[in-house]
Amino acid sequence: MRFLLYRLRRSIGSPSRNPRMATVTGRLLGLAFLICFGTGLYSHFLQEPLAWMTFTTRPLWLYQVTQGIHITAGILCFPLLLGKLYVVFPDLFQYPPVRSLKKGGAVDLLERGSIALFVGASLVEITIGLLNTFQLYIWPFGFRQVHYALAYVIIGSLAIHIAVKLPVIRRYWFKGRMPEGEPVLASGREDAEIGREMADARAASAPFAARGITGRVFDWIDTTPAPDKAVSRRGFVATLAVAAAALVAFTGGQSFRVLDRLNAFAPRKAGIGPQSLPINRTAAAAKVTETAVDPGWTLTIANGDRSIDLSYADLTGMPQTSVDLPIACVEGWSQMASWRGVRMSELAALVGATSADAFKATSLETNSRYGVMTMGPEYVNDPLTLVAVQLNGEPLDIDHGYPARMIAPGRPGVLQTKWLSRLEVTS
Ligand SMILES: Nc1nc2c(c(=O)[nH]1)N[C@H]1C(S)=C(S)[C@@H](COP(=O)(O)O)O[C@H]1N2
Ligand SMILES: [Mo]
């Protein structure tokens, strides 16, 4: 077994499969995951704040940018993770997979366990994340909870992996430190040992080599194809760089306007949709095509037992404010738009809400997670937060939330509730 794996490792050896490359790809992958983790936590807490949390509403593009980075870095994890797996592939075939406890088996177990967890969790994480940006919810569990939970699994197992590998990482962090011709990867040490053993054994049993089992095994190993030189170090780095650059160039346009013209594969394209703005859920999908155009529609604003009903004419008859604010979807696409409507703070004042009050907004859309939304006072009081009735100079298209929708600075798209029916103080 030991020799079999030795032969296998030798046959898949390649100049790019070395610890320096493992360190370099690992560094990039670790950075991408940390960026995803940070931006992901921000997005998570915006949607599910802990009681004490308040958020900044400036700069206006903050969420747009953090979420654009989240999705882009997540997409980059695909080539980085595959590249890293390519580099360390021979190490999968170490024998024994875990040394005996006395010889450091506990560390092996920790290392191998954390790697298995890390690779498994991150493959699932980036795959469901990518599918989510295409709105493919083809799994039987809640995307957000699983994506969130796996993030901790990934960061935890990554921390263990880095801790175990710290000596290697430190040794190969800087370029100059890799002596030419040094044995490769963790399995390299074992390879060198086996090589020496074989030489000794061959010398000792030379006359019998033709008949003995060991002799034949050695002969067979000696005929191992030479390590593949086809993928040079430079070739590997170039392939990885081109793959990464192409992915960003062809999908980044959904999040970053400069790349828009190259946006070939991302699920959203700027400017496509009614009133030049993409739609996430249509009125038909939300089953509001009748309730939204009902002439008897009113917006109810409530504070305890105090409540008023505003008709569409009441709402459009109030002082109107214009703001430019982006829709910044959690799925990564974002687009700037011009909105016009009534300031949320003025509506809150109609029912005597104080500047410390949070509001709950309810949509005509029922039976949906997006049908109800909570808004902290930092948004209620912001002069840019509107109950919008117009988009890009026209009354809202029904797919954009006619008769009225919420638009607030710095919030994820999911919280920009469309087809509003009720606003009520919750605290
Ligand atoms: N009631 C309701 N409001 C909603 C949604 C929804 O499904 N139902 N989708 C949200 C999401 S995920 C986004 S990104 C924005 C998109 O707004 P748009 O369709 O006007 O571009 O609306 C938000 N408001
Ligand atoms: Mo969204």
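Start with the domain assignment: colour residues 2-249 as domain 1 and residues 283-425 as domain 2. Keep in mind that this is a predicted model.

**The two domains**

Show the C-alpha centres of domain 1 and domain 2; 47 Å separates them. Next, select the contact between the domains. Here 18 residues of domain 1 meet 21 residues of domain 2. Together the two domains bury about 1,600 Å², and carbon and sulfur atoms carry 54% of that area. On the domain 1 side, pick Leu60, Tyr63 and Gln64. These residues lose the most area to domain 2, together 33% of what the domain 1 side buries.

**The cores**

Now select Leu315, Trp339, Leu347, Phe359, Val387 and Leu423. They belong to the largest nonpolar core, which has 55 residues, and they touch the most other members. Add strand β7, residues 386-391: it gives the most to this core, with 5 residues. Both domains take part, since the core draws at least three residues from each of domain 1 and domain 2. Then move to another core, of 19 residues, that lies apart from the largest one. Among its members are Ala22, Ala32, Ile126 and Phe236.

**The sheet**

Switch to a cartoon view. Look for an open sheet of 5 strands, ordered β2-β1-β10-β5-β6, with mixed pairing. At its edges are β2 (306-311) and β6 (372-375), each paired on one side only. Ignoring direction, neighbouring strands are turned by 15° against each other on average.

Zoom in on β5 (359-363) and β10 (420-425). They pair in the antiparallel sense over 5 bridges. For a last stop, which residue of β10 stands opposite Ser363? Select Leu420.

Notes:
Residues are numbered from 1 along each chain as its sequence is written. Chains are lettered from A and ligands numbered from 1 in the order in which they are written. This is a predicted model: local features need pLDDT of at least 70, side-chain atom pairs count only at pLDDT 80 or more; totals for chains, interfaces and linings use all residues. Side-chain values use heavy atoms; hydrogens and water are left out. A nonpolar core is a set of buried Ala, Val, Leu, Ile, Met, Phe, Trp, Tyr and Cys residues joined through side-chain atoms within 4.5 Å. Buried means under 20% relative accessible area, exposed over 50%, partly exposed in between (1.4 Å probe, protein chains only). Helices (H or I, at least four residues) and strands (E, at least two) are DSSP runs, numbered from the N terminus. Domain bounds come from an automatic or database domain assignment. Two strands pair if DSSP finds at least two bridges between them. Axes are lines fitted to C-alpha atoms, for helices over the stretch in contact, and angles run from 0 to 180 degrees between N-to-C directions. Contact means heavy atoms within 4.5 Å. Buried area is the accessible area (1.4 Å probe) that two parts lose on being put together, summed over both.
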